[in-house]
Structures are given as structure tokens and as C-alpha cells.
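Trainee: Please take a close look at one part of this model for me: the packing. Start with the contacts inside a chain, then work outwards from there.

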Amino acid sequence: MKDWRYWLAEQRGTLLALGIFIVMFAIYSANHPAGFSANVVQTAANKGVLLAFVAMAQTLVVITAGIDLSVGMIFLLTNCLASWLVVGTPMQTTLGLIAVLAAGLLCGAINGAIVIYGRLQPIVATIATGAVYYGIGLLLRPFPGGSVNEDLADALTGRVFGVVPASLVVLLAVVLVIWVPFSRSVLGRAAYAAGSSETAAYMSGVPIRRGKFAAYALGGLLAAIGGLFLTFFTYTGEAAYASGNAYTLFSIAAVVLGGVSLFGGKGSAIGAIFGALAFRTIGDLLFVFDFDPLWQPLFQGVILLIAVSLGAFALFRVRNRLEWFL
Amino acid sequence: MSETTLGGIAGRMPKFIRRADPAVLTAFACIVVLLLLGSLYSRSFLSPEYLLQQLKVASFLGVIATGMMLVILLGQIDLSVPWAVAAGAMMACAAAAYGPAGVALAIPFGIFCGVLIGIVNGIGVAYLRIPSMIITLATNAVAQGLMVVYTGGFSPQDSATGAMRYLATGFAIPGVPNAVIIWALIGAAMVFVLTRTGFGRTVYGIGNRERAAYLSGIDTRRVVMIAFAVSGGLSAFGGVLLAGYASKAAQSMGDAYLLPSIAAVVLGGTSILGGRGSYLGTVAGVILITLLQSILSVMQMPEAGRQIIYGVVIVAMLLLYGRAPASR
């Protein structure tokens with residue numbers, strides 16, 4: 001096979017997600033009362049990047065064949081933290097930003113340490129740590145409130161040169177600074193290898209533990225960037241249990257839509273970003289078609305159910321029935 | 001190292017203790033410690049009334065955790081508990097609005113809705129081979145969506161029927177709350193199924209190695225599906241009881257039961273990887289969690305502190321005896 005065909009095979013999930021997103025967004029903007037304008041794109045981008053960051057965080061963990069059910073809670077916790085710290089003079093704001101990102105990294109690292117070195121199942125471990133993170137968030141913000149450096153918030157949620165949404169620029173920067181170096185590094189390859197076949201990777205001397213640990217920790221960091229952006233949009237911090245759960249759930253949906261295999265070892269964060277944007281757009285389609293917003297949770301739930309069921313088509317290709325039982 | 005010392009000590013103990021799972025013993029020991037701590041805090045902590053009240057509160061969690069245990073024994077997990085509980089409660093209350101027949105069928109209808117959710121989970125896990133945590137999260141979202149559409153975004157006005165209230169708060173035998181009797185009956189049935197029937201053995205078999213169970217000629221997919229249906233039904237029944245206890249159904253009433261039900265099963269020594277665990281452990285786990293909740297609320301610990309303590313306790317207990325083997 002030629003090189004480009006390998007590339008195509010590797011990126012199939014990502015390209016499919018991109019295709020779904022373009023089609024959905026075309027339908028969305030064609031039926032939007034304001035049409036395809038900079039404002040519509042900006043609003044959609046701002047809503048989409050929140051989920052995109054959380055979905056990227058989930059991707060890193062899912063690639064290692066794990067799952068992080070605490071991403072939504074890290075997202076909430078960092079939102080609450082940012083509503084205290086990211087205020088004041090530029091100097092204080094910068095320190096606050098660093099502190100919030102460090103907190104997210106720490107949350108992810110704790111998850112990683114418990115799952116990898118504590119050898120616990122990721123599902124139960126991250127549900128439990130999620131409860132802890134939510135509790136800390138609630139301690140920080142028993143009631144919605146707080147504030148954020150509004151100049152920074154407006155700059156990052158506005159438009160660059162009056163056209164491009166700033167949030168998309170930040171998203172691109174994060175991809176270039178975190179995802180691309182990680183996926184090309186030894187650690188990133190170790191994370192993929194661990195997800196693909198942990199035994200084989202271990203036998204080949206791949207540093208799977210460090211790779212998985214880096215994936216969990218960076219996942220926390222990405223969730224924290226999402227939390228920061230939530231603060232920039234809302235200007236407040238709020239520990240809303242339902243919202244945290246919803247983001248965890250949607251991140252899984254976005255990851256699946258983005259072509260990342262839940263069994264690990266396959267997919268990319270870029271696919272998950274398009275998955276997240278597509279999922280958000282599908283959810284918002286209800287609004288442009290004037291449905292009752294009450295139907296939105298059901299609609300999103302059904303999309304999620306369909307998205308996860310699509311993976312079942314692989315069963316038809318299984319020749320040996322024993323492969324059904326992992 | 002520690003196992004040999006344990007073996008040495010255990011060798012000198014009576015037979016029934018030697019046979020018991022160390023995790024179950026630890027859980028019971030923790031219950032005793034919690035009771036002692038509680039009695040230091042307040043005299044009334046050891047009074048029969050208080051303990052019976054705790055047992056009654058524990059029975060709701062107990063019913064839900066029974067279903068969760070069945071699923072965890074298979075090596076799967078059921079994250080659709082929150083909205084299965086809420087759907088059971090809300091649908092039972094809703095059925096009561098349709099005349100005498102509705103009132104009579106309220107409880108079965110609530111349970112039926114839970115079973116439906118469980119069947120969707122079961123089909124996804126057993127036949128479509130979707131990872132259980134994913135499909136159960138998805139059905140949870142769909143159940144939530146259905147309930148939101150049905151109620152129009154508000155809590156339903158229908159209140160619980162007399163029968164539901166009687167089951168949750170009545171006294172068929174003087175001095176023993178009905179809820180406790182129900183939990184005991186469900187528990188006894190579960191113990192019978194797990195230890196005395198082919199279905200129970202199959203559950204343990206699948207939890208250990210589904211391939212081996214399949215090759216032994218068992219229709220493993222049917223067993224997995226039934227287990228999920230039972231779990232959904234028991235969650236909904238727990239919701240029905242809760243609605244009877246609170247005399248009405250509320251949208252978020254199930255949220256508080258996901259983590260505790262998993263925690264109760266896992267703290268009771270059931271392996272999260274499946275195939276190992278006893279119902280006695282789950283009973284201990286349920287009582288342990290309920291006592292912990294009770295003490296924290298007596299101490300007027302705010303919700304935030306409770307969540308943190310839950311999470312930390314669960315991780316700590318799991319690190320003590322829930323770890324996967326180190327060898328590859």
C-alpha cells in the first residue's frame with residue numbers, strides 16, 4: 001500500500017467525525033435564523049470548545065483502554081477554583097491560571113496514580129475520585145458565585161481579527177502544544193501500545209506505566225483548560241452535580257463519535273474534538289427546528305445510545321465466536 | 001508475607017471465622033468501630049430505636065445494592081441506577097393517577113419500567129458486546145430524557161400510593177419495619193439463587209471467565225441479560241420504596257444511590273472484576289455505608305465533606321483489598 005492509504009486508514013475515524021460535523025453544522029447554520037455569520041460561528045464555537053477540551057481529556061485516558069468518569073468533576077472543580085483565583089492584576093491572573101492548570105494536572109495525576117500504581121479498576125477509582133473532586137468544588141463554591149478577570153475572559157471568548165472565534169484559536173494552540181507532542185513522544189506511543197495490548201507492550205519493554213500515567217495526568221490538565229473556559233464564559237463558578245455528570249457522559253459520546261475505540265489503542269484527540277463539535281451541533285439542531293427544549297436530554301441520550309451501538313457492527317466481522325468474549 | 005501471618009493466626013481461630021472472607025470480616029469490624037465512635041458522640045446511638053431506624057434506611061440501599069451485586073459478580077457494572085431508581089418511583093406514582101386499576105398496578109408497573117431499562121442494558125452488553133459502563137451510562141441518559149419529557153421538567157405532582165407507603169414505612173410484624181422485611185426477603189432469595197441454583201453458579205462462572213463458561217455449553221449471553229434485567233428491576237423497586245418513604249417521587253432521587261450502591265458491594269469484598277463475593281459482604285457493606293452516612297449527618301457534616309469522605313473511604317478500602325494482581 002502507498003503511504004497515503006495507510007494514513008487514510010489511520011485517520012478514518014477522525015475524517016468520519018469531521019464529515020459528520022460539517023454536514024451537521026451546514027444543516028444547523030442553514031436553518032439558523034441569523035444564517036452563517038461570524039456571530040453564529042462564535043456562539044457555536046464557544047459552546048463546542050468546552051466539550052472539546054473535556055473530550056480530549058477523555059481521549060487520552062480512553063486510548064490507554066481506561067476510562068475517566070471524573071473528567072466532568074475535574075472540569076467543575078477547576079471552574080470553582082478559577083472563579084476564586086483568576087482575578088486581579090495581570091500578574092495575579094497569570095499565577096491564578098497556573099494554579100488552576102496545576103490543580104487539574106494534580107487531579108489527573110491522582111487518578112493515574114490510583115489506577116496504575118494502586119492497580120484499581122479505572123471505573124470505580126474515578127467514580128470515587130470524582131466524588132472527592134466534586135466535594136472540594138462544593139467546598140470552594142457552596143453557592144454559585146465568584147468572578148474572573150473579565151478582560152482576559154472577553155479576549156479569549158471573543159473574535160480574533162473580527163472573524164475567527166478566539167476559543168478555536170486556543171483550542172488549536174492546545175492541540176499543537178499538548179496533543180501533537182504527546183502523541184509523537186515515547187510516552188504517547190506507550191499509551192497507545194498499552195491500550196492496544198498491554199501484555200505485548202510490557203514484553204517489548206515499552207514504558208507502559210509512565211505512558212498511562214502521563215495520559216491520566218494530561219487528561220486532568222485538559223479538563224482544567226475546559227474548566228477555565230467555562231469560567232470565562234459564565235464569569236462565575238458553580239459546583240452543579242448534574243452538569244459535571246453531563247460533561248462526563250457527553251465526553252464519552254464525543255470520543256465515540258470521534259472514532260476513538262473504547263477498547264483502547266485506536267483514535268486521536270483531533271477526532272474527539274470533531275466528535276465533540278458534532279455532538280454539540282446535533283444537540284443544538286433541536287433549537288433551530290423550534291422543538292421544545294424539554295426534548296433535548298432525550299435527544300442527546302438517544303444520539304449517545306446510537307453512537308455507542310454503532311461499534312457493535314464490528315461483531316459481524318468476527319469469524320470466531322470466542323472473540324465475542326474478551 | 002502478610003498472607004502467611006494471616007494464615008497462622010487464622011489457623012487458631014474457630015472454623016466459621018477461618019472460612020469467612022477477610023474483606024467481610026473487615027467490613028463487620030468497621031461497623032463495630034463506627035458504632036463505638038458514634039456512641040462516644042451520642043448516647044442514643046446504641047438504642048434499639050435508632051439502630052432499627054438505621055436498618056430501615058439501609059434497606060432501600062440494600063435492595064438497590066442487591067441488583068448491583070449481581071451485575072458486578074458478572075464483572076460488569078450498572079451505571080443506570082440513578083434514573084432506573086427515579087423512573088421506577090416516578091412511573092409507579094404516575095400509574096397511580098389512572099384510577100383504581102392504576103393504584104393496584106402501580107408497584108408492578110414501576111418495577112416493569114426498571115426491568116425494561118435493564119433489558120436494554122442487557123441487550124447492549126450481552127448481544128452487542130458494548131462495554132457495560134458505556135451502554136448503562138447511555139440508557140441512564142435516555143431514561144433521564146424520557147422522564148424529563150414526561151414530567152415537563154418539573155417533579156411530578158402524583159404522590160405515592162397507600163401500598164407503597166405501607167411497604168416502606170408500615171409494620172406488618174410489630175417492631176420490625178416492612179422495608180427491613182422486604183430487604184431480608186430479597187436478600188434471602190438472592191442468597192438462594194447465588195448458592196443453590198445453576199443460574200447463580202453460572203453468574204460466578206461468567207465473572208471468572210466468560211469464554212470458559214460459554215465453552216461449557218452455557219448460554220452466557222442470556223444469563224448476562226437476565227442479570228441486567230434483575231438489576232434494573234431491583235433499582236426501580238428501590239425507587240418505589242423510596243417514593244413510599246418520602247410519599248412522593250422526585251427527579252434527582254436516584255443520584256444519591258449510584259456511588260453508595262457500588263461502594264457497598266465493593267466494600268463487602270465482592271471483586272469488581274467479577275466472579276468472587278458473597279451476599280453477606282454486601283449486607284455488611286450496605287450497613288457500613290448507611291452508618292457512615294448517618295454519623296456524618298449527625299455530625300452535621302455538609303454535603304461537600306460527605307462526598308469527599310465517601311470517595312476517600314472507598315479508594316482506601318479498595319486499596320486495602322480490591323487491587324488487581326501485580327503479575328502479568
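Mentor: Start with chain A. Take its contacts between residues at least 6 apart in sequence: 76% of them join residues at least 24 apart. Keep in mind that this is a predicted model. Chain A has 14 helices and two strands. Its C-alpha atoms fill a box of roughly 55 × 45 × 40 Å along the principal axes. The radius of gyration is 20 Å, which agrees with the value near 20 Å for a compact globule of 326 residues. Of those 326 residues, 52% are buried.

Now set chain B beside it. Chain B has 15 helices and zero strands. Its radius of gyration is 20 Å, close to the 20 Å that the globule rule gives for 328 residues, so chain B is as compact as a globular protein of that length. The box around its C-alpha atoms is roughly 65 × 55 × 40 Å, again along the principal axes. Buried residues account for 50% of the 328 in chain B. Its contacts between residues at least 6 apart in sequence show 76% joining residues at least 24 apart.

Next, where the chains meet. Here 43 residues of chain A are in contact with 47 residues of chain B. On the chain A side, four elements give two or more residues each: helix H6 (122-140), helix H10 (198-203), helix H12 (241-257) and helix H14 (296-310). H6(A) gives the most, with 13 residues. That side of chain A divides into 33 nonpolar residues, nine polar and one charged.

Then the core. In soluble globular proteins, nonpolar side chains tend to be buried together. The largest nonpolar core in this model has 218 residues. Residues with the most contacts inside this core include Phe53(A), Met56(A), Ala253(A) and Ile273(A) from chain A, and Ala87(B), Ala89(B) and Ala92(B) from chain B. Helix H11 (residues 208-234) of chain A supplies the largest share of the core, 16 residues.

Follow Ala87(B) outwards. Leave aside residues up to four places away in sequence. Ala87(B) then touches Cys113(B), Gly114(B), Ile117(B), Ala143(B), Met147(B) and Ala236(B).

Go on to Leu116(B). Leu116(B) sits in helix H6 (residues 99-127) of chain B. It has 19 C-beta neighbours inside 10 Å, and burial takes 20 or more, so Leu116(B) counts as partly exposed. Its C-alpha lies 8.0 Å from that of Gly233(B), although the two residues are 117 apart in sequence.

Finish with two loop residues. Ala65(A) is not a glycine, yet it has a positive phi of about 70°. Ala65(A) lies in the loop between helix H3 (38-63) and helix H4 (71-85) of chain A. This loop residue is buried, because it has 21 C-beta neighbours inside 10 Å. Ser247(B) also has a positive phi, about 55°, without being a glycine. Its place is the loop between helix H12 (220-246) and helix H13 (258-267) of chain B. Ser247(B) is partly exposed, with 14 other C-beta atoms within 10 Å.

Key
Residues are numbered from 1 along each chain as its sequence is written. Chains are lettered from A and ligands numbered from 1 in the order in which they are written. This is a predicted model: local features need pLDDT of at least 70, side-chain atom pairs count only at pLDDT 80 or more; totals for chains, interfaces and linings use all residues. A residue is buried if 20 or more other C-beta atoms lie within 10 Å of its own, exposed if 12 or fewer, and partly exposed in between; C-beta atoms are placed from the backbone. The radius of gyration is taken over C-alpha atoms; the globule rule is 2.2 Å times the number of residues to the power 0.38. Two residues are in contact if their C-beta atoms, placed from the backbone, lie within 7 Å. Ala, Val, Leu, Ile, Met, Phe, Trp, Tyr, Cys and Pro count as nonpolar, Asp, Glu, Lys and Arg as charged, and the others, Gly among them, as polar. A nonpolar core is a set of buried Ala, Val, Leu, Ile, Met, Phe, Trp, Tyr and Cys residues joined through C-beta atoms within 7 Å.
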